[in-house]
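Let's take a friendly walk through the ligand sites, the enclosed spaces and a few backbone details. Here is the structure to keep beside you as you read.

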Amino acid sequence: MNFQLSEDIKFLKQSIRDFVDSEVDPLAMEIEEKDEIPEKIMKMSKEIGLFGLSIPEEYGGTGIGMVGKCAIYEELGRTHNGYTTVIGAHTGIGSVGIVEMGNEEQKRKYLPAMARGEMIGAFALTEPSAGSHATNLKTTAVRKGDKYILNGSKHYITNAPIADVFTVMAVTDPSKGAKGITSFIVEKDFPGFTVGKNEKKMGLHGSHSAEIFFEDCEVPVENVLGREGQGYVNALKILANGRAGLAARNLGSCDKLLEMSIQHANTRIQFGKPIFEQQIIQHYLADMAVDIEALRSMTYRVAWMVDQEMKVIKEAAMVKLLGSEVYNRVADKAVQIHGGIGYIAEYPVERFYRDARITKIYEGTSEIQKNIIASQLKREYL
Amino acid sequence: MNILVLVKQTFDTEEKIVIQNGQISEENVEFILNPYDEYAVEEAVKIKEDSGAGITVLTVGPNRSESVLRTALAMGADKGVIVELEEQADEYAIAKIIKAAIKGQEYDLVLGGNMAVDSGSGQVSIRVAEELGIPQVATITKLSLEGSKAIVERDIEGDVEVIEVNLPFLATAQQGLNEPRYPSLPGIMKAKKKPLERFTLEDLELSEDDLATRTTVQDQYLPPKKQAGKVLEGEIGQQVHDLVNLLRSEAKVV
Ligand SMILES: Cc1cc2nc3c(=O)[nH]c(=O)nc-3n(C[C@H](O)[C@H](O)[C@H](O)COP(=O)(O)OP(=O)(O)OC[C@H]3O[C@@H](n4cnc5c(N)ncnc54)[C@H](O)[C@@H]3O)c2cc1C
Ligand SMILES: Cc1cc2nc3c(=O)[nH]c(=O)nc-3n(C[C@H](O)[C@H](O)[C@H](O)COP(=O)(O)OP(=O)(O)OC[C@H]3O[C@@H](n4cnc5c(N)ncnc54)[C@H](O)[C@@H]3O)c2cc1C
């Protein structure tokens with residue numbers, strides 16, 4: 001048993017930390033206020049290869065395992081979560097479908113440009129009628145000659161306004177339920193495809209989610225991802241793959257919040273001494289630290305399991321659940337320790353608190369993760 | 001085109017300096033690639049991208065210095081050389097060591113940092129040029145190669161001097177030369193597979209005289225804490241009078 005990150009991964013992690021601390025974090029407030037990631041940051045992030053995290057080396061990406069990826073996500077989690085989400089949605093759910101399910105031709109066509117960040121990826125599953133109940137899709141795909149004709153709409157699609165390539169789930173055979181869903185690679189310029197306006201959100205500023213519409217949208221047959229009828233399984237695989245990564249991002253945010261809370265508790269004087277000296281504050285900090293350590297252990301263990309090609313349906317759901325619950329608990333305590341300034345938008349704690357909230361909802365709600373865990377327990381024990 | 005870049009591992013410039021028993025404490029200290037050397041590496045990588053070059057980076061220092069070679073390799077250098085040296089040595093000896101470590105190699109261009117941010121001596125690179133018998137241009141802010149010569153701009157305290165120099169030569173990098181890149185993730189992954197050559201002093205042909213230190217550090221101390229300033233009051237004539245008095249009696253400068 002070895003709980004050390006390898007020297008290589010430590011080195012990767014440190015260089016991302018340097019980048020984040022010197023280039024991204026100083027602009028976090030600007031990102032928050034303008035609801036936009038400065039072009040300079042996007043460009044630099046692409047240059048250092050952050051957009052190719054999930055893409056194998058032979059297609060121009062980093063070709064790094066899940067442990068390495070989590071180490072990098074952890075560092076990205078320490079700064080503005082909207083920035084992290086733009087990258088996370090692209091490298092996670094936005095590109096993993098093509099990496100794992102794509103055929104050689106599709107990989108050659110899309111991945112090199114996606115690795116360079118010249119093409120941005122998005123993942124489109126959710127519809128008004130299909131949130132947690134993800135098989136209840138109304139978007140249809142009907143084959144006509146060498147094309148499929150897609151009709152319907154999706155909502156809350158992250159990166160939709162900037163994306164070039166969408167992994168889209170649509171119903172090809174309504175009589176087959178979950179087995180009648182197929183996934184497609186849809187390019188933004190395909191006829192009949194449009195993107196709606198950006199949603200105004202509680203947090204994740206700079207990252208944009210929007211509706212997308214298919215009106216007799218023409219998708220060539222060669223853009224079917226995997227086999228017809230495999231779409232729902234594909235979607236589950238893509239989501240499961242992303243779970244440890246999401247937990248790692250939350251881990252980074254928690255770590256940053258703990259750091260800021262300790263600093264604040266140590267410098268804030270009330271009743272003639274630092275509030276750190278109050279036992280209740282010490283207990284808050286201890287609770288935060290224990291939660292974070294548990295999350296760290298689990299995140300890297302699940303990542304390691306992924307790298308060993310072990311089955312991680314239950315563990316991926318667990319780490320997604322723990323990651324978002326811990327993030328919310330830690331953010332709440334961080335605001336409390338900061339007192340009034342924890343509520344004021346001039347300081348980053350308030351932003352993290354709002355950004356934490358989405359993690360219990362997207363990529364499968366906390367309740368849905370528990371459903372997955374329980375169904376796996378049933379298989380294991382009954 | 002073969003380029004040699006001389007690099008050193010130094011304290012992170014954000015670190016607080018702590019002196020213990022006359023020595024600078026290295027406890028919990030982050031070490032980085034000397035920022036001026038980073039300009040030198042970046043310049044070499046830019047030349048490689050523009051017109052092709054092989055880049056060797058070399059460091060002399062304790063084992064932990066290997067990390068700066070890895071940074072330079074991740075930025076785009078091709079080969080690393082470390083001469084392991086745990087004990088202190090002065091600039092004279094280090095220049096001799098570098099000369100011995102590159103014996104038999106031909107370089108068209110040698111780059112280094114203007115100075116190391118820890119010792120601040122700014123001597124090693126220039127001494128290496130002397131050892132190699134090649135010209136040197138210090139504190140450069142621009143470098144353009146034109147065949148077998150180069151046009152170099154150097155910073156001369158607020159002004160610029162333009163120099164034409166024949167290859168091979170050595171130059172030391174000043175701030176403003178370029179904007180060093182962050183090592184890219186694929187760059188870091190590739191760096192692992194690049195060759196790294198390791199020497200100890202025993203491997204090199206050095207005489208006792210080469211290694212004999214010419215200078216030693218007698219004492220190290222932190223600058224005194226800044227005292228609170230004094231604001232003079234009253235009529236301007238009175239203030240001038242008081243100021244002169246203070247300069248004479250307290251500051252003892254006039
Ligand atoms: C900012 C943001 C970005 C997003 N990005 C994307 C994206 O890129 N791509 C994409 O496809 N989707 C995306 N989504 C959609 C997201 O995945 C869904 O919002 C999420 O799955 C929940 O679905 P819903 O909103 O329809 O809520 P609902 O499914 O209506 O859930 C409402 C509540 O009921 C609970 N619930 C529902 N069913 C059950 C059950 N069986 N058992 C117990 N509790 C249940 C839920 O847990 C939740 O608490 C994004 C959403 C947001 C807000
Ligand atoms: C939106 C907003 C509106 C406000 N409106 C008003 C207003 O109209 N009028 C007004 O006068 N004030 C107002 N306030 C100020 C507010 O009442 C204070 O922010 C609050 O009392 C906390 O003080 P603080 O921010 O200085 O935090 P601190 O006192 O620094 O507290 C930081 C943390 O330390 C804890 N702590 C401090 N001392 C102890 C102790 N002895 N034992 C245990 N824990 C301790 C606190 O509980 C808290 O968790 C407002 C604040 C905000 C954010």
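In ligand 1, a nitrogen atom sits 2.7 Å from an N or O atom in the side chain of A:T158. That is a polar contact, a term used here for a pair of N or O atoms within 3.5 Å; within protein, one atom must be able to donate a hydrogen and the other to accept it, and residues adjacent in sequence count only if both atoms are side-chain atoms. Please keep in mind that this is a predicted model, where local features need pLDDT of at least 70, side-chain atom pairs count only at pLDDT 80 or more, and totals for chains, interfaces and linings use all residues. Side-chain values use heavy atoms, with hydrogens and water left out, residues are numbered from 1 along each chain as its sequence is written, and chains are lettered from A and ligands numbered from 1 in the order in which they are written.

Oxygen atoms of ligand 1 have polar partners too: one lies 2.6 Å from a polar side-chain atom of A:S132, and a polar side-chain atom of A:E367 is 2.7 Å from an oxygen atom of the ligand. Around ligand 1 there are 20 residues, of which A:T126, A:S132, A:T158, A:T365 and A:E367 come nearest; a residue counts as near a molecule or strand if one of its heavy atoms lies within 4 Å of it.

Ligand 2 has its own surroundings, which include A:R268, A:F271, A:I275, A:I280, A:I281, A:I337 and A:Y343. A:Q278, A:Q336 and A:G340 also belong to them. The table collects contacts of both ligands.

| Ligand atom | Partner | Distance |
|---|---|---|
| Ligand 1, nitrogen | A:T158, side-chain N or O | 2.7 Å |
| Ligand 1, oxygen | A:S132, polar side-chain atom | 2.6 Å |
| Ligand 1, oxygen | A:E367, polar side-chain atom | 2.7 Å |
| Ligand 2, nitrogen | A:Q278, side-chain N or O | 3.2 Å |
| Ligand 2, oxygen | A:Q336, polar backbone atom | 2.6 Å |
| Ligand 2, oxygen | A:G340, backbone N or O | 2.6 Å |

Now to the enclosed spaces. A search of the whole structure turns up two cavities of 30 Å³ or more. On a 1 Å grid over the protein atoms alone, a cavity is a set of points where a 1.4 Å probe fits but cannot get out, and its lining residues have an atom within 4 Å of a point. Grid points are joined across faces, edges and corners, and a volume is the space filled by probe spheres set on the points.

The largest cavity has a volume of about 100 Å³. Its lining has 15 residues, with A:Y73, A:G88, A:G92, A:G242 and A:G245 nearest the centre. Helices α4 (66-77), α5 (81-94) and α8 (231-267) of chain A each supply at least two lining residues, and α8(A) gives the most, with five. Helices (H or I, at least four residues) and strands (E, at least two) are DSSP runs, numbered from the N terminus. By type, the lining of the largest cavity holds five nonpolar, seven polar and three charged residues.

The second largest cavity contains about 70 Å³ of space. A:R249, A:N250, A:S253 and A:Y327 are among its lining residues, and the elements giving two or more residues to that lining are α5 and α8 of chain A. Where does the second largest cavity lie? Domain 1 (7-116) and domain 3 (233-381) of chain A both contribute to its lining, so the cavity lies between them.

Chain B offers some backbone details. Its residues 149-155 form strand β10, which pairs in the antiparallel sense with β11 (residues 160-166) over seven bridges; two strands pair if DSSP finds at least two bridges between them. B:K149 stands opposite B:N166 in β11(B). The two strands form a hairpin with four residues between them, and B:E157 in the turn has a positive phi of about 50°.

A cis peptide bond joins B:L167 and B:P168, with omega about -5°. B:P168 belongs to the loop between β11 and β12 (169-173) of chain B.

Note on methods. On a 1 Å grid over the protein atoms alone, a cavity is a set of points where a 1.4 Å probe fits but cannot get out, and a pocket is an open set with protein on both sides within 12 Å along at least five of seven lines; lining residues have an atom within 4 Å of a point. Ala, Val, Leu, Ile, Met, Phe, Trp, Tyr, Cys and Pro count as nonpolar, Asp, Glu, Lys and Arg as charged, and the others, Gly among them, as polar. Domain bounds come from an automatic or database domain assignment.
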